[in-house]
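Here is a short tour of one protein chain, written to be read with the structure open beside you. We begin with a helix and work outwards from there.

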Amino acid sequence: MGVLVTGGAGYIGSHTVASLLERGEEVVILDNLYQGHREAVLGGTLVEGDIRDTGVLDDIFTKHSIDAVIHFAANSLVGESMSNPGKYYENNVYGTLSLLEAMNRHGVKKIVFSSTAATYGEPERIPIEESDRTEPTNAYGETKLAMEKMMKWFEHAHDIKYVSLRYFNAAGAHESGKIGEDHNPETHLIPLVLQTALGKRKHISVFGDDYSTADGTCIRDYIHVSDLADAHVLAVAHLRRGGTSGIYNLGNGQGFSVKEVIEAARKVTGREIPVQIEARRAGDPAVLVASSKKAREELGWNPSRDRLEDIIESAWSWHQHHPDGYGGKDNK
Ligand code: UDP
């Protein structure tokens, strides 16, 4: 039996496809290449298409023997979701509805879902646990929460089991050097810091140094993308052995401030990395750090690439060898 990976040509999706292939899984990738890259797909069968296209989904489920879906395909920019929430409801929420309906038509009963710490909003306590309040502060997080809730009701009605993985800050690149992070536009801290180290940007903007943290900058929990990828493979295994549906945080449980990330990047790259302090970015909580105890205990997840400098080192290697990412050829 094989796995369908929607959004498998994207950053976390492509690393998960690599992990599945390393384990000998048969993989079909469905990606509209809006943000994904053809070159990021290291194997399996790539279908260029959209999750909102029921014909494409019916075709895949008819032609291939699929028992589980890993669902990444979504828009994920917080800022854009605030100015254009309709796009997020259309692609994320309606897209997930289209996928779940197709799974139901074809009797596919397992889904692993790419969720986010943005479902929590401003945290009640640190580290955040899965049972904590969910009150998203942006439309992106709200749509991901709606998608999680949709899966809950599809389980109730149609017995489709789900695992929802709420990521904290994904970073780093695959050890093969073949795939890494390439967003257009890039908004994430670590790639922007490394582009500054490469001289592609004049400085890194620090969005606020007046938060109530030790150095005044925001604290986040950075997790290696290959550790995230492994969690998806473990989640599929959990569902295949009859495990129950559930929601799991994925993070290292250790927070680093924006200034600490920049300092670590200076050490790794040996470059100066000029900094400019700017205003706070809308919707940024001061501290987001995960408790991943549940994923460790129930999924057997054991993130092994947890040193910040190692994570940055792997991202640095990707950026040095791919200063223009995948070259933008497949960006539409
Ligand atoms: N950040 C920053 N400058 C940048 C990009 C990000 O200071 O150019 C900060 C951002 O405000 C947040 C942290 O770095 O506190 C991580 O941001 P990122 O966008 O990488 O991930 P997020 O936490 O939003 O998922």
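## A helix in the interior

The buried residues of helix α6 are Leu189, Ile190, Pro191, Val193, Leu194, Thr196 and Ala197. Please keep in mind that you are looking at a predicted model. Since 7 of the 9 residues of α6 (residues 189-197) are buried, this helix is largely enclosed by the rest of the structure.

What do the buried residues of α6 pack against? Their partners are two strands, β7 (169-171) and β8 (204-207), and two helices, α8 (258-269) and α10 (308-321). Just after α6 comes Gly199, whose phi is positive at about 85°. On the other side, the loop between β7 and α6 holds Pro185, and the peptide bond that leads from Asn184 into Pro185 is cis, with omega near 5°.

## The chain as a whole

Stepping back, the chain contains 10 helices and 14 strands. Its radius of gyration is 19 Å, close to the 20 Å that the globule rule gives for 332 residues, so the chain is as compact as a globular protein of that length. The C-alpha trace spans about 55 × 40 × 40 Å along its principal axes.

Of the 332 residues, 48% are buried. Among contacts with a separation of 6 or more, 79% are between residues 24 or more positions apart.

## The annotated domain

An unreviewed UniProt entry annotates residues 3-251 as "domain: NAD-dependent epimerase/dehydratase". Over residues 3-251 the model has 38% helix and 20% strand, and the C-alpha atoms at the two ends are 24 Å apart.

## Two helices that cross

Two packed helices are described by the angle between their axes and the distance between the axes. For helix α2 (residues 54-63) and helix α4 (residues 85-105), the axes come within 10 Å and cross at roughly 35°. The crossing of α2 and α4 is right-handed.

Which residues meet here? From α2 come Thr54, Leu57, Asp58 and Phe61, and from α4 come Ser98, Leu99 and Ala102. By type, the residues of this contact divide into 4 nonpolar, 2 polar and 1 charged.

## The loop between β5 and α5

Ala118 sits in the loop between β5 (110-116) and α5 (139-158). Is Ala118 buried or exposed? It has 26 C-beta neighbours inside 10 Å, and 20 are enough to count as buried, so Ala118 is buried. Leaving aside residues up to four places away in sequence, Ala118 touches Val78, Pro136, Asn138, Tyr140, Gly141 and Lys144. Its C-alpha atom is also 9.7 Å from that of Gly283, a residue 165 positions away along the chain.

The loop between β5 and α5 also holds Pro127. Ile126 and Pro127 are joined by a cis peptide bond, with omega about -5°.

## Positive phi outside glycine

Two residues other than glycine are worth a look for their backbone angles. Leu33, in the loop between β2 (26-31) and β3 (45-48), has a positive phi near 55°. With 18 other C-beta atoms within 10 Å, Leu33 is partly exposed.

Asp159, which is not a glycine either, has a positive phi of about 60°. Its place is the loop between α5 and β6 (161-167). Asp159 has 10 other C-beta atoms within 10 Å, so this residue is exposed.

Technical notes. Residues are numbered from 1 along each chain as its sequence is written. This is a predicted model: local features need pLDDT of at least 70, side-chain atom pairs count only at pLDDT 80 or more; totals for chains, interfaces and linings use all residues. Helices (H or I, at least four residues) and strands (E, at least two) are DSSP runs, numbered from the N terminus. The radius of gyration is taken over C-alpha atoms; the globule rule is 2.2 Å times the number of residues to the power 0.38. A residue is buried if 20 or more other C-beta atoms lie within 10 Å of its own, exposed if 12 or fewer, and partly exposed in between; C-beta atoms are placed from the backbone. Two residues are in contact if their C-beta atoms, placed from the backbone, lie within 7 Å. Axes are lines fitted to C-alpha atoms, for helices over the stretch in contact, and angles run from 0 to 180 degrees between N-to-C directions. A crossing is left-handed if the near helix is turned anticlockwise from the far one by less than a right angle, and right-handed if clockwise. Ala, Val, Leu, Ile, Met, Phe, Trp, Tyr, Cys and Pro count as nonpolar, Asp, Glu, Lys and Arg as charged, and the others, Gly among them, as polar. UniProt positions are given in the numbering used here, feature names are shortened, and annotations may be inferred rather than shown by experiment.
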